[in-house]
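I opened my notebook to look up a few local features. Come along and read over my shoulder.

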Amino acid sequence: MTALVLALAVNGLVWGLIIALIALGLSIIFGLLDIINVAHGDFFMLGTVFVLVLTMSTGSYWLALALVPIIGFAVGLVLERVIIRPTIRQASLTIVTTFGLSMMLQEGVRATYGAQPRRMAPPIEGTIPLFGIDYDVYRIFAAAFAALCLIAFFAFLTRTKLGTWIRAVRHDPETATALGVPVVRICAITFGLGTAMALLGGAIAAPITTVEFRTGVDILPFCFMAVIIGGLGNLQGTVAAAVLLAVLEGVVTSVTDPTIARIASLGLMSVALLVRPHGLFSGATR
Amino acid sequence: MAKRTLKARTPKTTNGTESGSENVGGLTRRSFLSTALAGGAAASGAYVSLARDMSAFAQASGPIVIGHHCELTGGFASWGYWHNKAALAATKMINEGGGIAGRRLELVTEDTESNPAAGARKLRSLIQRNRASFISGSVHSGVMLASIPVTTELKTVYFSTGEATEATGEKGTRYSFRTGTDTYGLAAAGAPWAFENLGKTWTIISPDYAWGHSHYKEHKAVIEKLGGKVYDPIYVPLDAKDLVPYLARIPQDTQVLFSVFFGALSIAFYTQAKSMGLEKTMKMYSVSGTIEAIAPADLKGAAEGVYIVENFPRMLKYKDDAFHKAYNALLGTDDVHAREAGSDKVNAKSHSWQSYENLFALKQAIEASGWKQKSDDKGVIEALEGLKMENSAGFAQGAKVLRKEDHSGMIDCYISRIENDEFHVKKKVTKEEMTALLPPRFDFSKQPL
C-alpha cells in the first residue's frame, strides 16, 4: 500500500506540473487582463490537435513541440485583437465572450478535424520501475520539460524588460502608461503568452492523454481550482496549488474511490479559501 | 328562454331597461353577445372537430414521421455520425422501395448532445412538435434511461440503441424495445468463454456511470456463478485524463482485465495500460463499445491482443454474405477495417446497425399491423413483440428475434481478437445460444397500454 501511495504521489507531481503550465496561462491572463477565460481548456485542446497534425505532417514530434507554442502565441494575438480587446476589463462580459469562443473552437475542430478521438504515440518509448509499477518514461520527460518551461517563464518575468513591463502593467496599469509602457501591446502579448502556454501544455500532454475536440472541457475546472486556491492572478500560488491538488488527488485515489478523491480536492479548495482567501502565498487572514 | 332567465336575474335600471342593455329591434346588446358567443363556440367546436378529422386524415395518409434521437455532438459524436448515416441510408432505401405501407417515411433527427437533460428535452420536441409517431433512440445509456419515462408518458414506441440493461429491465416499459444487446446479453455471450479461455480472476475497470456499473453487475454475476473471483470494480470519473491512479490499483494477480470505456476514455485507457505493460501480465478483454469508431491501427499497437465481444463483425469475411457487403457499400466503408472511403472515420459498426435496422423493424410491424395513425399503436407494439427478422438487406446484421417478454433482440454475437490491427473472430455465439443463455427477467407484454 505504501508503494502504491508513493507511486501515485509521484504521478500526481508529474501530472500536476503539466497542469501547472496550463493553469499558469489562465492565471496570467486573469491577473493582467481580468479575463475569466472559459476557453482556456480549448486552447489546451488546440495544442493536442496541432501537435498531432504537425507530427503527422512533418514526421517529427520535436519539431511540432517547438512550433505549437509559436502558433499558440499567434492565435492568442489574433483572438485578443478580435474578441478580447472589445470586452477587456469587464470580467462578467468576458465569461460570455470566451464561452462563445469555447463553443466555436470545439465545434470548429469537430467540423474540420473530426469527432473521433485519437492516440498520439509517445516520442520516447519505455517504462521504468517506480514503487511497484511500470512507469512511462515519457511522463518523466513531460514533467521535467514542464518544470523547465515554468522556470523559464518565471525567469522571463523577472529578468527581462518585457517581463518587467508585464508585471508593471499587472500591478498598476495607469502608472505604467504614465511611464511610457505600451500597455495595449503588453496586454496583447500577455494574452498571447497565456494562450501559448495552454497550447504547449496540450502538446506535452497529447502523448499521455487523448486527442479530441472535447479534451479541454474536463481540464478547465481543475485549472480554475488551481488558480483560485493559488490566489487569483498569483502565479507562484497557481503553480503550487496545481501540483498540490494533483498530488492530493493521486494519493487519495490510491486508498479510496475517485468520487471521494474529488470531494477531497474540493474540500481542500474550501479550506484554502477560508484560511487564505487571497491565495496560498498571501499570508493567513483572520 | 335564455333571455328570459337572464332578464329574471338582471336588476333593472331606473328607466326600466336592463342594466348594460340597449334594446334595438328586440335584440339587446347582451342577447347579441350571448348569441354571438354561442354561435362562436359552436363554430369553434365544428372547426376543432374538422381540424381533428383533417389531422387524422393527414396522419393516416401523409408521411410517417419517425424521430431519430441521435448523438451528433458531445462525447458520443464519433458514434452519432454513424448512427445518423445509417438511419439516413435506411430511410432512403425504404422510400425508394415504396415507403412504409405506401406512405413516405420522414425521418426527423434531433441531437441529444450526449447529454441526458438535453436529450430528454429534445425528445419531447420530437414527439410533440415534430409529431414523430415512433422514435429510434439514443446509444448513450444516460440519455436512453432519461428517455424511456418520456416516451412512456407520451405513449410512444421507443427503440434504444444503448447497452445499459435497465432499458429492457427494471426501467423498461411496454413502449421500450432494443434490437441489439445489453449488458446482460454481452455478459452471457462473452463471459463464459472468457472465463474458460482467458482466466478465472477478474478485475473490472469502467467509467463511473450507468453503462459501466451495469456491466460490472452483469459480469460479476456470471463469473461468480462459474466459480471465478471478481475484485471490487475500479470506477474512473468521466472527466479523467490521467488513468494511472486507477490502473495502478488493479490487483497484481488479476488474470482478466475487463475494461468498458468509450471514446476518448478508451484511447486513454489503451494508451496508458499499454505504457504500463499491463497486457504482459493479464489478458485484456472488453466489449465492442470500448473500441467503437476507433481503428486499432490508429492506436498504434495499444489494442493488440485485446479480446472484444462484437455484435456485427468488423470484417466482412466473418459474416460473408451479400447483405453484409451491400450494407458496407451503402455506408461507404471498406470490408476489413470499416473505415469510410475518403476519410479516416471508422464505423461504430456494432451499434450503428440498430439505427438502420430499427426503421426496417418498424416498417415490418407497421405493415403487419395495418397501422394508420397514433391510435393504432397497440397493433404495432403487439407486432413488435416477438417480431422475427430475416437476414436480408434491411437486417444486414443477421436474422434476429425481438423477444416478446423483455423486448430484447436475440442476435448472433462474435468474440474477436485484435491481431495485426484487424478483428479476427474466435468464437461465434448464435442467437439460439443467446436465447438459451438469457432467460427473460421481465415480461412487458403483460403491461396494459
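My entries below cover a helix, a pair of helices and two loop residues.

**Entry: helix 6 of chain A.** I am working with a predicted model. I started with helix 6 of chain A, residues 161-171, and asked which of its residues are buried. I found A:Trp165, A:Ile166 and A:Val169. They span an arc of only 100° around the axis, so they sit on the same side of helix 6 of chain A. I then looked up what the buried residues pack against: helix 1 (2-33), helix 5 (137-159), helix 7 (173-178) and helix 8 (183-205) of chain A.

**Entry: helices 11 and 12 of chain B.** Two packed helices are described by the angle and the distance between their axes. For helix 11 (residues 349-369) and helix 12 (residues 377-384) of chain B, I noted axes that come within 8 Å and cross at roughly 120°. Helix 11 and helix 12 of chain B are therefore oblique to each other. Their crossing is right-handed. Their contact has seven nonpolar, two polar and one charged residues. Among them I listed B:Ala361 and B:Ile366 from helix 11, and B:Val380 and B:Leu384 from helix 12 of chain B.

**Entry: positive phi.** Most residues other than glycine have a negative phi, and I looked up two exceptions. B:Glu113 has a positive phi of about 60°. I located B:Glu113 in the loop between strand 2 (105-111) and helix 4 (116-129) of chain B. Is B:Glu113 buried or exposed? B:Glu113 is buried, with 21 other C-beta atoms within 10 Å. B:Arg131 also has a positive phi of about 60°, and lies in the loop between helix 4 and strand 3 (134-136) of chain B. I noted B:Arg131 as partly exposed, with 16 other C-beta atoms within 10 Å.

Notes
Residues are numbered from 1 along each chain as its sequence is written. Chains are lettered from A and ligands numbered from 1 in the order in which they are written. This is a predicted model: local features need pLDDT of at least 70, side-chain atom pairs count only at pLDDT 80 or more; totals for chains, interfaces and linings use all residues. A residue is buried if 20 or more other C-beta atoms lie within 10 Å of its own, exposed if 12 or fewer, and partly exposed in between; C-beta atoms are placed from the backbone. Helices (H or I, at least four residues) and strands (E, at least two) are DSSP runs, numbered from the N terminus. The arc is that of the directions from the helix axis to the C-beta atoms. Two residues are in contact if their C-beta atoms, placed from the backbone, lie within 7 Å. Axes are lines fitted to C-alpha atoms, for helices over the stretch in contact, and angles run from 0 to 180 degrees between N-to-C directions. Angles under 35 degrees count as roughly parallel, over 145 as roughly antiparallel, 65 to 115 as roughly perpendicular and the rest as oblique. A crossing is left-handed if the near helix is turned anticlockwise from the far one by less than a right angle, and right-handed if clockwise. Ala, Val, Leu, Ile, Met, Phe, Trp, Tyr, Cys and Pro count as nonpolar, Asp, Glu, Lys and Arg as charged, and the others, Gly among them, as polar.
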